[in-house]
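Please find below my comments on the structure you asked me to look over. I have set them out as numbered points, so that each can be checked beside the coordinates.

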Amino acid sequence: SNLTTTFSFHLLKAANCSIVLLNALGETVQSYSPEFFEIGNHTLMLNVKGLPSGPYFWRLQSDAVCVTKVIIVEN
């Protein structure tokens, strides 16, 4: 079983970003405090321990960008 999953993103502008993990119904299952990221590439790890197996969406949002990607949790 996977306890964590990673995701990568690239910012063209430094920004405070909020990150949420959504289930297949679009409901928030985890949210993280907004964090400041510099310009460039970033990789973050999300703890998915205890989540039911299935597809989830992580969303990173700031005033400059909104990125949503699918992850598959296999617990």
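The points below go from the whole chain to its strands, its core and a few single residues.

1. Please keep in mind throughout that this is a predicted model. The secondary structure of the chain comes to six strands and zero helices, and read along the sequence these elements follow the pattern β-β-β-β-β-β. The radius of gyration is 12 Å, close to the 11 Å that the globule rule gives for 75 residues, so the chain is as compact as a globular protein of that length.

2. As to overall extent, the C-alpha atoms fill a box of roughly 35 × 20 × 20 Å when this is taken along the principal axes. The accessible surface of the chain comes to about 4,700 Å², and 53% of that surface belongs to carbon and sulfur atoms. Of the 75 residues, 35% count as buried. Among contacts with a separation of 6 or more, 59% are accounted for by residues 24 or more positions apart.

3. The strand pairing can be followed bridge by bridge. Strands β1 and β4 run antiparallel and are joined by eight bridges, and within this pairing Ser8 has Thr43 in β4 as its bridge partner. Strands β5 and β6 are also antiparallel, with eight bridges between them; here the bridge partner of Gly54 is Val73 in β6, and the two strands form a hairpin with four residues between them. For β2 and β5, which again run antiparallel, there are five bridges, and the partner of Ser18 in β5 is Gln61.

4. Which side chains of β1 point to one face and are buried, and which point to the other? The side chains alternate along this strand: Thr5, Phe7, Phe9 and Leu11 are on the buried face, while Thr4, Thr6, Ser8 and His10 point to the opposite face and are not buried.

5. The largest nonpolar core has 17 residues, and those with the most contacts inside it are Phe7, Phe9, Ile19, Leu21, Phe37, Trp58 and Leu60. At least two residues of this core come from each of β1 (4-11), β2 (15-22), β4 (40-47), β5 (54-61) and β6 (66-73). Strand β2 gives the most to this core, with four residues.

6. How many aromatic pairs are there by the ring-centre rule? The count comes to three. In one of these, the rings of Phe7 and Trp58 have their centres 3.7 Å apart and their planes at 25 degrees, and the pair counts as stacked because the angle is under the cut-off of 30 degrees. Phe7 lies in strand β1 and Trp58 in strand β5, so this pair ties together parts that are 51 residues apart in sequence. Phe7, Phe9, Phe37 and Trp58 form one aromatic cluster.

7. Both partners of that stacked pair deserve a separate look. Phe7 is buried, with a relative accessible area of 4%, and Trp58 likewise counts as buried, at 2% relative accessibility. Leaving aside residues up to four places away in sequence, Trp58 touches Phe7, Ser8, Val20, Leu21, Leu46, Val67, Thr68, Lys69 and Ile71.

8. Is Thr5, which is found in strand β1, buried or exposed? With a relative accessible area of 19%, Thr5 is buried because this value is under the cut-off of 20%, and a reader should note both numbers when citing this residue. Not counting residues up to four places away in sequence, Thr5 touches Leu44, Met45, Leu46, Val48 and Ile71.

9. Ser31, in contrast to the buried residues discussed above, counts as exposed, at 52% relative accessibility, because this value is over the cut-off of 50%. Ser31 lies in strand β3 (residues 28-37). Apart from its neighbours within four places in sequence, Ser31 is in contact with Ile19 and Val20. Ser31 and Leu21, which are ten residues apart in sequence, are 6.2 Å apart in space, C-alpha to C-alpha.

Definitions and conventions. Residues are numbered from 1 along each chain as its sequence is written. This is a predicted model: local features need pLDDT of at least 70, side-chain atom pairs count only at pLDDT 80 or more; totals for chains, interfaces and linings use all residues. Side-chain values use heavy atoms; hydrogens and water are left out. A nonpolar core is a set of buried Ala, Val, Leu, Ile, Met, Phe, Trp, Tyr and Cys residues joined through side-chain atoms within 4.5 Å. Buried means under 20% relative accessible area, exposed over 50%, partly exposed in between (1.4 Å probe, protein chains only). Contact means heavy atoms within 4.5 Å. Rings of Phe, Tyr and Trp (its six-membered ring) pair if their centres lie within 6.5 Å; planes under 30 degrees apart count as stacked, over 60 as edge-to-face and the rest as tilted. Two strands pair if DSSP finds at least two bridges between them. The radius of gyration is taken over C-alpha atoms; the globule rule is 2.2 Å times the number of residues to the power 0.38. Accessible areas come from the Shrake-Rupley method with a 1.4 Å probe; for residues, only the protein chains shown count as cover.
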